[in-house]
Structure formats: structure tokens, C-alpha cells
Amino acid sequence: MQGRIALEGMEFFAFHGYYDEEQKIGNKYGVDLFIHTDLQAAAQTDELPKTVNYEVLYKLVHEEMKVPARLLEHLGHRIIDRIYHKFPHLKRVKVNIYKFNPPLGGICHLAKVTLKEKR
């Protein structure tokens, strides 16, 4: 039984950005995470070890958000790698990372990067 686990709308204050100033003053970021995996055992047994623990996923994302990156693409790649390292049985991982009010010289609610990887 294939299924999807999602953590949407996670928010962090972090120090990412191409410009040195962005890495000094920080900004608010959002992350959406989508995990595709077999949920048959969890559905049948009602046991947490048979699925992907949401709390563990959140902690992995939170830890990566603490490490500054110049590009959201690089940050997304690191998050995906960490998740596959912890849960190698996953089928597919997708991550959206968005920076609120990016410094573009005009009004823009958010800049978003989406990365997907299938292993």
C-alpha cells in the first residue's frame, strides 16, 4: 500500500542567502516535505516503528535549517540526503523551501524552490 506522508508549513528563522547580509540578519523560511513510501505495515499494525516518524522528520529538517546555505537548492539537497540516510527504504522525497519576503527590491511574498528525488 503506497502512501504519502506530508509535513506542510514548517516555519523557521534561519540564516540562508546568497548575500553575506542575508546570512547575518536572517529571515523567515518555510518548508514542505512529502515522503512517498509503503504504508502497508503501519496501516495493519498501528505501530509507530512501522512508519516514518513525523517527529524525526521534523528534527532532521530543523537541524539542516540551522546550517547556513547560500542557495535554497543546496539546502533542499541536504535535507533530502539526510532523510534518505535516515530512512533508506523511502521511494521518493519532495521538498519545497521558501524564503518569505526575499530581498528583490520589490514586493514578493515568497521565493520557492522545489526538489524531488526518487531512489
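These points describe the sheet of this predicted model and the helices that pack on it.

1. The strands form an open sheet of four, in the order β1-β2-β3-β4, and their pairing is antiparallel. Because β1 and β4 (110-118) each have a single partner strand and stand at the edges, one side of each is left without a neighbour in the sheet. Averaged over the sheet and with direction ignored, neighbouring strands are turned by 10° against each other.

2. Strand β1 (residues 2-14) runs antiparallel to β2, and eleven bridges join the two. The register of this pair can be followed at two positions: Gly3 stands opposite Thr37 in β2, while Met10 stands opposite Val31 in β2.

3. Helix α3 (residues 54-65) packs on the sheet, where it touches β1 and β2, and its direction makes about 35° with that of β1. Helix α4 (residues 72-86) also packs on the sheet, but touches β2, β3 and β4, with a direction that makes about 145° with that of β3.

4. Strand β2 (residues 27-38) is mostly covered, with nine of its twelve residues buried. Eight bridges join β2 to strand β3 (residues 92-100), again in an antiparallel arrangement, and in this pair Tyr29 stands opposite Lys99 in β3.

5. As for the record, an unreviewed UniProt entry carries the annotation "domain: Dihydroneopterin aldolase/epimerase", which covers residues 5-117. In the model, the end C-alpha atoms of residues 5-117 lie 15 Å apart, and the span is 35% helix and 35% strand.

Conventions: Residues are numbered from 1 along each chain as its sequence is written. This is a predicted model: local features need pLDDT of at least 70, side-chain atom pairs count only at pLDDT 80 or more; totals for chains, interfaces and linings use all residues. Side-chain values use heavy atoms; hydrogens and water are left out. Buried means under 20% relative accessible area, exposed over 50%, partly exposed in between (1.4 Å probe, protein chains only). Two strands pair if DSSP finds at least two bridges between them. UniProt positions are given in the numbering used here, feature names are shortened, and annotations may be inferred rather than shown by experiment. Axes are lines fitted to C-alpha atoms, for helices over the stretch in contact, and angles run from 0 to 180 degrees between N-to-C directions. Contact means heavy atoms within 4.5 Å.
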